Number of protein chains: 2
Amino acid sequence: MMDVARLAGVSHQTVSRVLNEHPNVSEPTRLKVRAAIAELGYRPNRTARALVTGTSKVIGVVAPNTALYGPASMLTAFEQAAQDSGFAVNVGSVRTLNERSIADAVERHLDQRVAGLVVIAPVAGAGPALARLPEDIPLVTIDGDPERASTLVTVDQVAGARAATEHLLAAGHSTVWHISGPADWFDAAGRVRGWQDALSAAGAEQPPLLTGDWSAESGYRNGKLLARLPEVTAVFTANDHIALGLLRALSEHGRRVPEEISIVGFDDVPQAAYYTPPLTTVRPDFDAVATAGVELLLAQIESGSPDLATRRTIAPTLITRDSVAPPPAR
Amino acid sequence: MMDVARLAGVSHQTVSRVLNEHPNVSEPTRLKVRAAIAELGYRPNRTARALVTGTSKVIGVVAPNTALYGPASMLTAFEQAAQDSGFAVNVGSVRTLNERSIADAVERHLDQRVAGLVVIAPVAGAGPALARLPEDIPLVTIDGDPERASTLVTVDQVAGARAATEHLLAAGHSTVWHISGPADWFDAAGRVRGWQDALSAAGAEQPPLLTGDWSAESGYRNGKLLARLPEVTAVFTANDHIALGLLRALSEHGRRVPEEISIVGFDDVPQAAYYTPPLTTVRPDFDAVATAGVELLLAQIESGSPDLATRRTIAPTLITRDSVAPPPAR
DNA sequence: GTAATTTGCGGGAGCGTTCCCAATCGGCCA
DNA sequence: TGGCCGATTGGGAACGCTCCCGCAAATTAC
């Protein structure tokens, strides 16, 4: 910086002003400084800046360390959104979603002096870890506990699940079965609730809930059961991978989709259109979630006040393909 | 830090020594300092440390911004491996894999003063961007250009593809077709070569190469073609998603797998076991890649010498399931 | 025409560390 | 006993930037 100042014939202070776009610099000086910067290929040292300002242009993202489609998509979407706002992203992934490991990940980010924190930890265990956070750090929770008072961006799981269930009911099915995600995920709970809501709103009987864990394997396991129940004509699965496992189990038992059994998934993974049959599913808009999340976070960072407790809900859309048909005539 | 020093009755310098596990500190002093640290809940400021040492415990990862299974798995695996070595990860994703955007991502990382760089950019365009890198920054390339002189960790695409092709030939097929990935990806090129190698080693005729783009859609598109060719009895696809699209196309045309056509994929996505039929595929060990990558990077960081030009190749394994059978009798 | 702003710029301090160098204190060897 | 050596500790400088304050020149106001 001193070199630049010398070359431009000004003080280091003026260089700093040009860098930070301070208004009180005359045009000629500004140009001289810019020229010097370009000539020397000077790049400001963000570390030094972070030291003196006490903050950095980095946001920390805590995400589960998994190949799950949702979290993984979220992560890249976040990185992209942050990048567009001139922020870098520090990722601290978490092997297991318990309070302890989430707290550790948060600590690591705090050590790095991140300007704000995005926590994608859609399980109940995340709550306590977040509660013990220093008050003054900007924080946005993604798909977190709807009951907790914090800035929250969430996919409207309930609405999505309701749409899926209603779609099946509208096709003529008397009721809809559900294979859920893990019970401690808010996403899973919301989808269960939307399913229940739609069912009771339609006055349909509510079949027992089958529990999965997002994996195709769990869809397969539950599918072996469902395949043997002749009264099952419609199933809503908590995600597309469960639906895939279900499809396979049904195919093994010779039950045809959608002629005998209709299925709706959730997530719209890129492959869903190429399942056999192509899967009707619910598509959450991860980019919108990420954009909203970064927006809320930056608002907090800029204002300096962390606890806006704003909510933002992203509505998913139903994508209809070929896995839904009217129930077979009795 | 001054507070800690005061409380422990030593100088700031001694506190620093304790923090950095410098040998020349007497046991009593060390304990006093540790006690003071604990009592005050003091946490060292990594920013200040980074400023004075000129480096940080952060590594930058450049990865394509995609939900592609390979890169996404790689990314989380890297984060995990880095974490285990006490490093944080800064991710700079890249929307499009061209020279310009890769160079930008690298610049952003350099701005952040990362200690080292991992580039997951398995396309030809990455080369020039990497060539213009400052010489003194530790760098590990993943699945990069085998021709470039740089530290490189790569999945042995050729061996994997050869194993897949040989497996099909061993089942009795006279030849094997291939749907490749995008031509500019090294991964795709390697898989093509392995396929060709196995074919010519067996003296089998080499069918025309079909080109895909990793997507299920491209598998479907090429599948519609293959389904109409009665002589096709075995197909090796560049990844599992292509295989999924192919499965769907074949199913639409009433061609059964594996009775009429055998298929082998690549990647072993978690869902592959639940395709219809369960897919025989090649599994690359992403964790091993990440571990090796971080290891090589840390070696460079510690030694201070960047260009070891070491290579590390990770051998993938063939996972046999139900999508391969002998060809139908003529 | 003089005083009161405003504008443009520079000097110096300080952010929280680590590194270099010096100083003190025993113990040991001759 | 005296000086030398290693072990331990402390004092300052420096890393590269931003912020606070001050000062000169230019502008405006009366």
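A helix here is a DSSP run of at least four residues, H or I, numbered from the N terminus. I start my notes with that because the entries below name helices by number. The model I am reading is predicted.

**Entry 1: A:His109**

I looked up A:His109 and found it in helix α6 of chain A, which runs over residues 99–111. Is A:His109 buried or exposed? Its relative accessible area is 2%, so I note A:His109 as buried, the limit being under 20%. I then listed what A:His109 touches, leaving out residues up to four places away in sequence. The list is A:Gly60, A:Val61, A:Val62, A:Asn90, A:Val91, A:Gly92, A:Val114 and A:Leu117.

**Entry 2: A:Thr280**

Next I went to a loop. A:Thr280 sits in the one between β9 (262–264) and β10 (281–283) of chain A. Its relative accessible area is 0%, and A:Thr280 is therefore buried. Apart from neighbours within four places in sequence, A:Thr280 contacts residues that include A:His167, A:Ile263, A:Val264 and A:Gly265. Among its other contacts I wrote down A:Leu318, A:Ile319, A:Thr320, A:Arg321, A:Asp322, A:Ser323 and A:Val324.

**Entry 3: A:Ala159**

A:Ala159 belongs to helix α8 of chain A, residues 157–170. I read a relative accessibility of 24% for A:Ala159, so it counts as partly exposed. I also checked A:Ala159 against A:Trp195, which is 36 residues away along the chain. Their C-alpha atoms are 9.0 Å apart.

**Entry 4: the two protein chains**

I compared chain B with chain A. A turn of 180 degrees, with a shift of 0.0 Å along the axis, lays chain B on chain A with an RMSD of 0.1 Å. The two copies are thus related as by a two-fold rotation axis. Which C-alpha of chain B is nearest the axis? That of B:Asn90 is, at 2.2 Å. I then looked at the interface: 100% of the interface residues of chain B are interface residues in chain A too, so the copies meet through the same surface.

**Entry 5: the annotated start of chain A**

The UniProt record, an unreviewed entry, carries the annotation "domain: HTH lacI-type" for residues 1–53 of chain A. I checked that span in the model and found it to be 70% helix and 0% strand. The C-alpha atoms at its two ends lie 17 Å apart.

**Entry 6: DNA strand C**

I counted 27 residues around DNA strand C. Those that come nearest are A:Ser11, A:Thr14, A:Thr29, B:Gln13 and B:Ser16. Of the atoms of DNA strand C within 4 Å of the protein, 56% belong to sugar and phosphate.

I looked at some polar contacts one by one. A:Ser11 places a backbone N or O atom 2.7 Å from a phosphate oxygen of DNA strand C. A:His12 has a polar side-chain atom 3.5 Å from a base oxygen of the strand. For A:Arg17, an N or O atom of the side chain is 2.8 Å from a base nitrogen of DNA strand C.

Which element gives the largest share of the surface near DNA strand C? I find α4(B), with five residues. At least two residues each come from α2 and α4 of chain A and from α2 and α4 of chain B. By type, I noted ten nonpolar residues, 14 polar and three charged.

**Entry 7: DNA strand D**

Around DNA strand D there are 26 residues, of which A:Met1, A:Gln13, A:Ser16, A:Tyr42 and B:Thr29 come nearest. Sugar or phosphate holds 56% of the strand's atoms within 4 Å of the protein, and bases hold the rest.

Two backbone contacts went into my list. A polar backbone atom of B:Ser11 is 2.8 Å from a phosphate oxygen of DNA strand D, and one of A:Met1 is 3.4 Å from a phosphate oxygen of that strand. I added B:Gln13, which has a polar side-chain atom 3.0 Å from a base oxygen of DNA strand D. The elements giving two or more residues to this surface are α2 (12–19) and α4 (46–53) of chain A and α2 (12–19) and α4 (46–53) of chain B. With five residues, α4(A) gives the most. The surface near DNA strand D divides into ten nonpolar, 14 polar and two charged residues.

**Entry 8: the ends of α4(B)**

Last, I looked at both ends of α4(B). At its start, a side-chain oxygen of B:Asn45 comes within 2.7 Å of the backbone nitrogen of B:Thr47. After α4(B) comes B:Gly54, with a positive phi near 80 degrees.

Conventions
Residues are numbered from 1 along each chain as its sequence is written. Chains are lettered from A and ligands numbered from 1 in the order in which they are written. Side-chain values use heavy atoms; hydrogens and water are left out. A residue is near a molecule or strand if one of its heavy atoms lies within 4 Å of it. A polar contact is a pair of N or O atoms within 3.5 Å; within protein, one must be able to donate a hydrogen and the other to accept it, and residues adjacent in sequence count only if both atoms are side-chain atoms. Ala, Val, Leu, Ile, Met, Phe, Trp, Tyr, Cys and Pro count as nonpolar, Asp, Glu, Lys and Arg as charged, and the others, Gly among them, as polar. Copies are superposed by least squares on the C-alpha atoms of residues with pLDDT of at least 70 in both. Contact means heavy atoms within 4.5 Å. UniProt positions are given in the numbering used here, feature names are shortened, and annotations may be inferred rather than shown by experiment. Buried means under 20% relative accessible area, exposed over 50%, partly exposed in between (1.4 Å probe, protein chains only).
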